[in-house]
Amino acid sequence: MRRSVVVVLAAAVLVSSLAWKRRAVERKIEADADETDRYVDMGVTLTVVEMDRERANAMERAGGWLPDVPPVVVVRTHDLGGMLDTWKGEIVGPSVNPRQWRCSPQQEPLILHDDDLPLWLLVQGSEGGGKTTTGAMWLYMRALEHVGTEREIGVTAPVTKRLGHIRKAIRKLWDPKWYRWKERDQAYQLRAGPIIQLVSAHQQSEDEGSPIQGANWVACLSDELQDHHERNDDINSRGRDAPGKRYKRLCTSTFKDSTEWRNFRDAASKAKSWRLTKLLGLESPFQWPGWWETIRTGTITDREWQRRFLAMDVGPEAQLYHCWSRKLEDGSPGNLRPIPLGAEDVTAEQLAPYASPGERLTILVGHDPGKRQHVSMFLKAYRFRGEKLIRWFVVAEVTTVDATIEKHVTDVIARARSKWHAHQVDRRGQADPTSGRMLVRADPHTRSGDEHPDATMYTVWRAQGIKIRAAAYKPGSTEPGVIKREARFNLMNALLCDVNGNRRLLVACDDTGHAAAPMLVKALESMERNAEDRGEHEKKNGSDLSHWPAAVGYALWQIEHPRIAMGAAS
């Protein structure tokens with residue numbers, strides 16, 4: 001009896017399954033025969049507008065009620081897309097009822113992203129600049145380029161929440177008939193064929209691997225790239241199979257006080273595949289001028305105004321080395337720049353007063369010993385063509401972590417020999433008299449206490465034939481002196497940029513913007529005073545950034561402090 005019941009149930013399930021499949025086939029046949037859903041209007045009229053500022057200002061002066069958007073004037077229009085035949089997978093005619101979009105002249109080239117532009121666009125935007133709207137419109141344009149295919153277009157953001165802003169912009173701008181949202185896949189399946197895949201760049205764990213790996217994209221929108229630029233190589237790799245290698249990217253960003261992000265942005269600015277641009281809310285035709293004036297004249301600080309609304313690269317609120325600037329406002333090099341062609345190396349001339357007879361000092365080294373790491377900075381003096389001013393370039397740094405001072409000195413010598421052929425020895429192991437030598441200036445030693453090195457540190461350097469001196473001496477004495485921190489901070493800032501705008505302390509970089517002393521750059525851009533206005537207040541541990549600028553200060557104190565005190569630097 002039980003076996004009969006089982007057989008009957010199995011037969012019922014089989015019949016039910018076959019009936020379900022038959023009904024699915026019938027529905028498919030009916031859908032194919034019904035052409036009402038075959039054609040989808042994917043047309044857009046993109047109108048480029050500028051604010052009618054004369055009328056807008058007059059309306060604001062008159063007072064009273066104002067519409068949501070200021071009056072605008074039409075610059076030009078673009079008729080995009082058209083009637084999509086979903087069976088053929090192609091645009092077969094003009095749009096009947098196109099979506100109406102508006103953009104500014106600044107947004108226009110980013111949205112269209114014609115082939116005469118570089119493949120990759122990096123946008124630094126301010127509040128109200130329209131970055132997210134631009135991104136949603138850009139995705140539409142990329143979908144049109146791949147109509148009739150099942151190719152994937154990527155969208156990345158630092159976290160899932162940020163992807164929600166992209167989805168919100170798509171819901172506002174796109175016709176729901178254009179796509180079907182797949183929650184499980186976090187993807188848009190477009191009626192036109194392409195798939196738009198949304199991916200958070202956040203990696204849960206090292207074992208999990210990058211969430212971006214494994215995709216295969218033909219284009220990619222990266223929102224707020226400053227917060228996931230470390231995934232940039234992964235994102236670029238996703239486009240290796242894009243047709244014709246035309247892997248277009250639009251990357252939006254906002255200001256971030258991060259040396260790593262500045263390094264990335266500088267490298268992109270020098271690469272042919274990238275184009276950097278700004279989107280400012282102040283230039284948007286969709287916001288009343290009076291609104292910006294209300295914010296500007298309120299309680300906002302100059303720094304916050306520059307950061308949030310001018311998309312400017314500003315340092316920390318209480319930046320310790322506040323005269324540092326990697327680039328000037330006009331885009332020309334600041335304190336981070338290549339050594340220019342024709343610049344004369346005058347290091348030996350500047351160090352001659354400290355050289356012994358027959359000795360040629362060609363490299364100045366500043367040394368700051370530490371408990372966790374030893375740091376030495378290499379400097380060379382240059383005179384630019386047609387100038388008398390002496391400028392110091394930091395040309396290298398050596399950091400030895402969790403090692404003895406002996407190991408560090410060995411590393412310093414190896415760098416001097418490999419890069420400048422200095423401190424060479426002859427076949428007998430004796431100092432080569434024709435080779436340039438180093439002058440090392442170090443943290444002044446003390447006879448007691450743990451805050452500074454004792455005299456034995458100097459002995460290690462001298463045992464290797466290196467001339468080492470304290471960074472400062474007491475007047476008229478060979479006794480090491482004390483350099484007060486605030487005096488050293490002031491020296492560094494005066495060299496970074498004096499009252500006349502002269503920048504005499506520079507960090508060398510290559511043509512791609514890669515710094516010769518990256519840890520020094522990070523320290524100069526990151527270090528801040530605390531609430532009590534104290535500099536170098538951080539704990540002396542592995543994260544302490546004070547070693548690199550301190551070593552530079554030690555190197556230059558004996559030479560530059562008297563010059564600055566007498567106003568004789570120029």
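## Helix packing, cores and a small sheet

Met519, Leu520, Ala523 and Leu524 of H14 touch Trp548, Pro549 and Val552 of H15. Sorted by class, the residues of this H14–H15 contact come out as seven nonpolar, no polar and no charged. Keep in mind that this is a predicted model.

As for geometry, H14 covers residues 518–526 and H15 covers residues 547–566, and the two pack at an angle of about 100° with their axes 8 Å apart. Angles of 65 to 115 degrees count as roughly perpendicular, so that is the label for H14 against H15.

H14 has another helix to deal with, namely H7 (residues 259–269), whose axis comes within 9 Å of that of H14, crossing at roughly 115°. Here H7 brings Thr259, Glu260 and Arg262, while H14 brings Val521, Lys522, Glu525 and Ser526. The make-up of this H7–H14 contact is one nonpolar, two polar and four charged residues.

Here are the two helix pairs in a table.

| Helix pair | Axis distance | Angle |
|---|---|---|
| H14 and H15 | 8 Å apart | about 100° |
| H7 and H14 | within 9 Å | roughly 115° |

Now for the cores. The largest nonpolar core holds 46 residues, and Met377, Leu379, Trp392 and Leu505 have the most contacts inside it. Elements giving two or more residues to this core are the strands E17 (361–368), E18 (373–383), E19 (390–401) and E22 (505–508), plus the helices H13 (485–496), H14 and H15. Which element gives the most to this core? That would be H15, with nine residues.

Leu505 is a good place to look around. Leaving out residues up to four places away in sequence, Leu505 touches Asn335, Leu379, Trp392, Val394, Met492, Leu495, Leu496, Val552 and Leu556. Val552 also turns up on the H15 side of the contact with H14. Apart from this core lies another one, of 45 residues, including Leu80, Leu121, Leu163 and Val218.

Finally, there's an open sheet of three strands, in the order E3-E2-E6 and with mixed pairing. E3 (72–80) and E6 (99–103) sit at the edges with a single partner strand each, so each has one side without a neighbour in the sheet. On average, and ignoring direction, neighbouring strands here are turned by 25° against each other.

How do E2 and E3 pair, parallel or antiparallel? E2 (residues 44–51) runs antiparallel to E3, and the pairing extends over eight bridges. To pick out a bridge partner, Glu50 is matched with Val73 in E3.

Terms used
Residues are numbered from 1 along each chain as its sequence is written. This is a predicted model: local features need pLDDT of at least 70, side-chain atom pairs count only at pLDDT 80 or more; totals for chains, interfaces and linings use all residues. Side-chain values use heavy atoms; hydrogens and water are left out. Axes are lines fitted to C-alpha atoms, for helices over the stretch in contact, and angles run from 0 to 180 degrees between N-to-C directions. Helices (H or I, at least four residues) and strands (E, at least two) are DSSP runs, numbered from the N terminus. Angles under 35 degrees count as roughly parallel, over 145 as roughly antiparallel, 65 to 115 as roughly perpendicular and the rest as oblique. Contact means heavy atoms within 4.5 Å. Ala, Val, Leu, Ile, Met, Phe, Trp, Tyr, Cys and Pro count as nonpolar, Asp, Glu, Lys and Arg as charged, and the others, Gly among them, as polar. A nonpolar core is a set of buried Ala, Val, Leu, Ile, Met, Phe, Trp, Tyr and Cys residues joined through side-chain atoms within 4.5 Å. Buried means under 20% relative accessible area, exposed over 50%, partly exposed in between (1.4 Å probe, protein chains only). Two strands pair if DSSP finds at least two bridges between them.
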